[in-house]
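Dear colleague,

I am handing over the structure below, and I would be grateful if you could look through it alongside the notes that follow.

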Amino acid sequence: MAVERTLSIIKPDATRRNLTGKINAKFEDGGLRIVAQKRVQLSKAQAEAFYGVHRERGFFNDLVSFMISGPVVLQVLEGENAIARNREIMGATNPANAAEGTIRKEFAESIEANSVHGSDAPETAAQEIAFFFAGTEIVA
Ligand code: CMP
């Protein structure tokens, strides 16, 4: 297994409910380290560009509106097999299908307001990290 980095977003439903600490405890307890972090209000243009791959999907406009409905916490997680590990800790996209003990099972409100985002593959992790962070902002 290799040490990897992945992009994590704590979404507006979770910042609104003051859950950032509880969510990050799950990542840290699960063996991941937060090596970059910032709390921001995304612009519509940023959210549209970040989720550009979903532009043709029926949920795209609602997803963008949701992602700009409040602050998000952007972070880079590092660890062994971090991309897959992060996805295990988050649980399935739809909280109705998420396993016990996962972030989405415990905290997500719906498939849209699902509390966290995580990169799905090495290429997207590199792209998503570079979308939000300069190299100098990541401190291992
Ligand atoms: P995320 O991992 O951030 O990537 C795309 C997001 O689209 C996803 O999590 C969901 O929050 C959101 N989404 C909203 N509706 C759907 C849907 N029907 N299928 C998949 N993703 C959806």
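**Ligand surroundings**

Around the ligand in this predicted model are the residues Lys11, Tyr51, His54, Phe59, Leu63, Thr93, Arg104, Ile111, Glu112, Asn114 and His117. Three of these residues can be described in terms of atom pairs with the ligand: a polar side-chain atom of Lys11 is 2.7 Å from a ligand oxygen atom, an N or O atom in the side chain of His117 is 3.0 Å from an oxygen atom of the ligand, and for Glu112 a polar backbone atom lies 3.3 Å from an oxygen atom of the ligand.

**The largest pocket**

The largest pocket has a volume of about 760 Å³, and its lining is made up of 26 residues, with Tyr51, Val53, His54, Leu63 and His117 lying nearest its centre. Sorted by class, that lining has ten nonpolar, nine polar and seven charged residues. At least two lining residues are supplied by each of α3 (44-50), α5, β4 (116-118) and α7 (122-132), and α7 provides the largest share, four residues.

**Ala82**

Helix α5, which spans residues 82-90, includes Ala82. Ala82 has a relative accessible area of 0% and therefore counts as buried, the cut-off being under 20%. Neighbours within four places in sequence left aside, Ala82 is in contact with Glu4, Arg5, Thr6, Leu32 and Leu77. As for Leu32, its C-alpha atom is 6.8 Å from that of Ala82, although the two residues are 50 residues apart in sequence.

With best regards

Conventions:
Residues are numbered from 1 along each chain as its sequence is written. This is a predicted model: local features need pLDDT of at least 70, side-chain atom pairs count only at pLDDT 80 or more; totals for chains, interfaces and linings use all residues. Side-chain values use heavy atoms; hydrogens and water are left out. Buried means under 20% relative accessible area, exposed over 50%, partly exposed in between (1.4 Å probe, protein chains only). Contact means heavy atoms within 4.5 Å. On a 1 Å grid over the protein atoms alone, a cavity is a set of points where a 1.4 Å probe fits but cannot get out, and a pocket is an open set with protein on both sides within 12 Å along at least five of seven lines; lining residues have an atom within 4 Å of a point. Grid points are joined across faces, edges and corners, and a volume is the space filled by probe spheres set on the points. Ala, Val, Leu, Ile, Met, Phe, Trp, Tyr, Cys and Pro count as nonpolar, Asp, Glu, Lys and Arg as charged, and the others, Gly among them, as polar. A residue is near a molecule or strand if one of its heavy atoms lies within 4 Å of it. A polar contact is a pair of N or O atoms within 3.5 Å; within protein, one must be able to donate a hydrogen and the other to accept it, and residues adjacent in sequence count only if both atoms are side-chain atoms.
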